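Reader: I have a model open and want to learn to read it feature by feature. Where do we begin?

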Amino acid sequence: MLQVYEADEAESAGAGATIGNMVGPSTNFSASGASSGDALLQVIDLQTHFPIRRGLLQRVVGHVKAVDGVSFRIGVGETLGLVGESGCGKTTVGRSLLKLIPATGGRVLYRGESVFDQPAGEMRRLRREMQIIFQDPAGSLNPRMRVASIVGEPLEVHGIATGEELRDRVEQLLVRCGLWKTAADRYPHEFSGGQRQRIGIARALALEPKLIVCDEPTSALDVSIQSQILNLLKDLQEEFGLSYLFISHDMAVIHHICDRVAVMYDGRIVEEGDRDTIINRPTHPYTQALLSAVPEADPRRKRNRIRYEGMRM
């Protein structure tokens with residue numbers, strides 16, 4: 001089912017497109033697929049604002065509303081694609097719901113538990129269930145640590161394995177992610193970009209999570225390597241029953257891996273629906289403009305570019 005959120009009637013009218021079935025952001029997640037009872041994660045009116053400070057005393061003179069009232073849900077074993085141009089707030093959503101950066105307002109429910117209200121001890125337990133794969137595989141790996149320590153650190157911190165058992169589990173994770181056992185003794189700089197991302201995936205899998213935030217995990221990789229990483233993520237999802245929040249600006253990647261798609265613009269979700277509906281029959285003018293910016297594989301074919309006011313193209 002398609003949901004289109006009315007953010008600004010005047011702006012939409014100025015885009016010269018007809019918008020049908022306009023509805024406001026809703027916390028009734030049954031409208032967008034599975035019922036609320038089937039939801040692994042529910043994000044309700046999430047807001048993350050950053051202060052603007054000026055002057056000698058660094059007084060707050062305003063706020064950047066990076067995320068401004070975002071709501072969605074992710075079902076068990078489902079992949080939700082969060083798509084939008086650079087700077088629209090996609091990464092901030094992913095990091096806010098994991099409490100990697102503080103949210104200004106809203107609620108995040110994981111299996112019905114409020115993530116933001118958890119004390120430190122309970123949050124430690126929840127972190128075993130929710131992990132993240134970062135965009136830059138080189139920047140997310142400590143260059144001073146061997147791969148065995150990088151992948152094994154979550155297991156040690158949570159008291160799951162030590163000694164030979166830890167080494168065995170690290171090697172199993174590396175092999176499952178397409179590397180070799182002896183990779184555990186090397187440093188990150190000895191690997192290619194795709195191999196480093198496989199190490200990041202192995203680290204995210206170490207605690208056997210149920211939800212993984214994939215923050216543009218293929219954007220820094222070559223096209224041929226992208227397909228390998230995407231296929232690996234799909235295989236792991238089927239094997240372990242994982243749910244993904246897949247953040248990307250690449251519509252081809254979103255079409256390949258996602259079940260549903262939410263389109264973000266200027267800190268808000270402007271349209272949400274199943275993958276084929278969003279890509280083949282977009283309703284919101286921003287979604288139409290975003291899709292029109294996808295390059296054509298055939299140089300003889302000309303795509304009719306649609307401009308949307310404020311879009312960074």
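Author: Begin with a loop. E208 is found in the loop between helix 6 and strand 9. Bear in mind that this is a predicted model.

Reader: Is E208 buried or exposed?

Author: E208 is exposed, with a relative accessible area of 57%. The cut-off for exposed is over 50%.

Reader: What should I look for in the backbone there?

Author: Take the general idea first. Most residues other than glycine have a negative phi. Now the case: phi of E208 is positive, near 55°, and E208 is not a glycine.

Reader: Which residue in the loop between helix 2 and strand 6 can I set beside that?

Author: K99 lies in that loop. Phi of K99 is positive too, near 65°, again in a residue other than glycine. K99 counts as partly exposed, because its relative accessibility is 31%. A glycine case follows helix 4: G159 has a positive phi, near 65°.

Reader: What lies around K99 in space?

Author: M123 is one residue to check. M123 and K99 are 24 residues apart in sequence, and their C-alpha atoms are 9.2 Å apart. M123 sits in helix 3, residues 120–127. M123 is buried, at 6% relative accessible area.

Reader: With which residues is M123 in contact, leaving aside neighbours within four places in sequence?

Author: The partners are L98, K99, V115, Q118 and M130.

Reader: Now the whole chain. How many helices and strands are there?

Author: The protein chain has 10 helices and 12 strands. It holds 313 residues, and 46% of them are buried. Next, take contacts with a separation of 6 or more. Residues 24 or more positions apart account for 65% of these.

Reader: Back to strand 9. How covered is it?

Author: Strand 9 spans residues 211–215, and five of its five residues are buried. Check each face in turn. L211, V213 and D215 are buried on one side, and I212 and C214 are buried on the other.

Reader: Which strands pair with strand 9?

Author: Strand 8, residues 130–133, runs parallel to strand 9 and is joined to it by four bridges. Strand 10, residues 243–248, also pairs with strand 9 in the parallel sense, over five bridges. Use C214 as a landmark. I133 stands opposite C214, and in strand 10 the bridge partner of C214 is F246.

Reader: What links strand 9 to strand 10 in the β-α-β unit?

Author: Helix 7, residues 223–240, is the helix of that unit. Strand 9, helix 7 and strand 10 together make a right-handed β-α-β unit.

Reader: How do I read a sheet with antiparallel pairing?

Author: Read off the strand order, then find the edges. Here an open sheet of four strands has the order 4-3-6-7. Strand 4 (59–75) and strand 7 (113–114) stand at the edges. Each has a single partner strand, so one side of each has no neighbour in the sheet.

Reader: How many bridges join strand 3 to strand 4?

Author: There are 13, and the two strands run antiparallel. Strand 3 covers residues 39–54. For a register point, R53 stands opposite V60 in strand 4. Helix 2, residues 90–97, packs on this sheet. Helix 2 touches strand 3, strand 4 and strand 6 (105–110), and its direction makes about 110° with that of strand 3.

Reader: And how do I describe a pair of packed helices?

Author: Two packed helices are described by the angle between their axes and the distance between the axes. Take helix 4, residues 147–157, and helix 5, residues 163–176. Their axes come within 9 Å and cross at roughly 115°. That makes helix 4 roughly perpendicular to helix 5. The crossing is right-handed.

Reader: Which residues make the contact?

Author: Helix 4 uses V147, A148, V151, G152, L155 and E156. Helix 5 uses L166, R167, R169, V170, L173 and L174.

Reader: Why would the spacing of such residues matter?

Author: An α-helix has 3.6 residues a turn, so residues three or four places apart point the same way. Keep that in mind when looking at burial. In helix 4, V147, A148, I150, V151, G152, P154 and L155 are buried. The buried residues of helix 4 pack against helix 5 and helix 6 (193–205).

How values were computed: Residues numbered from 1 in each chain as written. Predicted model: local features only at pLDDT ≥ 70, side-chain atom pairs only at ≥ 80, totals over all residues. Heavy atoms only, no water. Buried < 20%, exposed > 50% of the residue type's maximum accessible area, 1.4 Å probe, protein only. Pairing = 2+ DSSP bridges. Right-handed = clockwise from strand over helix to strand, strands pointing away. Contact = heavy atoms within 4.5 Å. Axes fitted to C-alpha atoms, helices over the stretch in contact; angles between N-to-C directions. Parallel < 35°, antiparallel > 145°, perpendicular 65-115°, else oblique. Left-handed = near helix turned anticlockwise from the far one by under 90°.
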